[in-house]
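This briefing introduces a structure to a reader who has not met it before. Please view the sequence and the model together with the notes below.

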Amino acid sequence: MSPERQIAVIGGGWAGCAAAIALADAGGRVDLFESAPVLGGRARRVVRHGLNLDNGQHLMLGAYRETLDLVARLGAPAPVRRALAIAPLSASQPNAITLRAPAWPAPFALLAALLRARGLGPGERVAALRWFARLRRRGFRCAPDATVEALTSTLPARVATALWHPLCLAALNTHPREASAQVFANVLAAAFDGGAGAADWIAPRGDLGTLVPDATARHLAEGGHRVATATTAHVVARAPAGRWRVAAKDDARDYDGVVVAVAPHQLAHAFAPELAWQAPALAGALADVAALASEPITTVYLGYVDRVAVDDAIIRLDDRPGQWLFARDDIVATAGADAPQLASVVAIAISAHGEHDAWPHPALVAACDAQLARLSPGWPPCTWSQVIEEKRATYACTPSARRPASGLVLPALALAGDYTDDRFPATLEAAVRSGRRAAVALAASLRDVGEPVIPANAGIQP
Ligand SMILES: Cc1cc2nc3c(=O)[nH]c(=O)nc-3n(C[C@H](O)[C@H](O)[C@H](O)COP(=O)(O)OP(=O)(O)OC[C@H]3O[C@@H](n4cnc5c(N)ncnc54)[C@H](O)[C@@H]3O)c2cc1C
């Protein structure tokens, strides 16, 4: 694009960050608008009691190729990469499976992990492998209306309920009885059939802000672009010469192109209502998005004055109420002077709706405390806690969820956001992929004849 192209990106979550960086790389002048005081959206730093927390515990995989590419592009500290390891909190935990995948090429990593899995009998291991091989043979294609429960119904019960169902709940944030088999199969294909290291477990070295949001703000500011936080923006009208008028605070400007990268429940508010009446394509996208249901994710942080030893793995709990536990030593390492004196912090993740929805936070903390002591006798009570409940963490990833695609919805107006990705469920990778695709589509539509759309160093895979 020629440098005088003015682009507005509305929404500074990971989709908006990815779009803004790609459009800046493509030569546009970018204004990035974010309603909240910080960038990051549903994956952002939250400072509580002098501790740098995340708004919710996140897990990334080696299969998050575009996210990792963006992190590298931004020069952010490289995250920690470990071979996938899932282990129960204690060896005596009923129905728990220990899975360690070596960093081998697909599908040998999963083959080795299942053959060596603890907690499954020989027949169950073979059944799990055959099931995966069948899914792979048919190109990971599932009936469009199939649920994960139906997809796994031919498996021995323990393989379905102790292995694939918890992974489905974690990855799709939707219960297996309602979750889309096709999207789950996409995740399995990406992780276990996606090349060496795709199943690796990736964690930032600090809070989520350090990985993409901070680096995006820095990179855009250094390039002379504008990052307007605490600023809600709206597309208000079509302007002359095919441009769009965007209003933010008491200012309104015309832009050559706009990317709207907000969460599904925020989409309708990003446009003046008359635009939808005038443009059936936009009205159709808004109607589909309005019909999406959402699912919560709750993260319970527990702190300890003495160090607690946690296996170097993703720790599986027994769902009563915590589902997964992560050691978060980075939170202790980056604590401010006013923070409580803690030697260890763990984060407990609880995906989707459940009976815990109705519990007050102190009751949830007490239940998690009791759960850890029950599963691992001798586990100490916490001395500090913080509960962060994201009521609209993701859209409910059901087979019937109709979602618009990332890219142009009207001329020079593109949609991005995790809900627009056609492959992954609502994840960081879906957000980044969508932002980059929206940027590519917008840049192509604004292309000046004879110029490259995206420079080779932008790292975008169309
Ligand atoms: C608790 C929790 C745990 C999660 N765990 C994982 C995980 O383990 N792994 C994983 O990959 N994913 C996980 N996710 C999902 C992941 O965080 C999201 O899919 C991703 O962050 C969505 O990014 P986005 O940019 O599409 O949307 P958002 O992050 O929602 O960004 C939209 C942004 O737009 C802003 N905005 C809205 N309207 C306007 C407006 N009019 N003007 C200006 N700004 C506006 C909002 O403030 C927001 O910052 C989790 C999410 C949560 C909440």
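The notes cover the nonpolar cores, one helix and the ligand site.

This is a predicted model, in which local features need pLDDT of at least 70 and side-chain atom pairs count only at pLDDT 80 or more, while totals for chains, interfaces and linings use all residues. Residues are numbered from 1 along each chain as its sequence is written, and side-chain values use heavy atoms, without hydrogens and water.

**Nonpolar cores**
- A nonpolar core is a set of buried Ala, Val, Leu, Ile, Met, Phe, Trp, Tyr and Cys residues joined through side-chain atoms within 4.5 Å, where buried means under 20% relative accessible area (1.4 Å probe, protein chains only).
- The largest such core has 128 residues, and those touching the most other members are Leu23, Trp164, Val258, Val259, Val260 and Phe271.
- A second, separate core of 22 residues includes Ala87 and Leu375.

**Helix H6**
- Helix H6 (a DSSP run of H or I, at least four residues, numbered from the N terminus) spans residues 157-172 and has a kink of about 35 degrees at Trp164, shortly before Pro166.
- That bend is the angle between axes fitted to the seven residues ending at a residue and the seven starting there.
- Buried residues of H6 include Leu163, Trp164, His165 and Pro166.
- Asn173 follows H6 and has a positive phi, near 55 degrees.

**Ligand site**
- Among the 35 residues around the ligand (a heavy atom within 4 Å), Glu34, Arg42, Leu59, Tyr64 and Asp418 come nearest.
- An oxygen atom of the ligand lies 2.7 Å from a side-chain N or O atom of His58.

Terms used:
Buried means under 20% relative accessible area, exposed over 50%, partly exposed in between (1.4 Å probe, protein chains only). Helices (H or I, at least four residues) and strands (E, at least two) are DSSP runs, numbered from the N terminus. A polar contact is a pair of N or O atoms within 3.5 Å; within protein, one must be able to donate a hydrogen and the other to accept it, and residues adjacent in sequence count only if both atoms are side-chain atoms.
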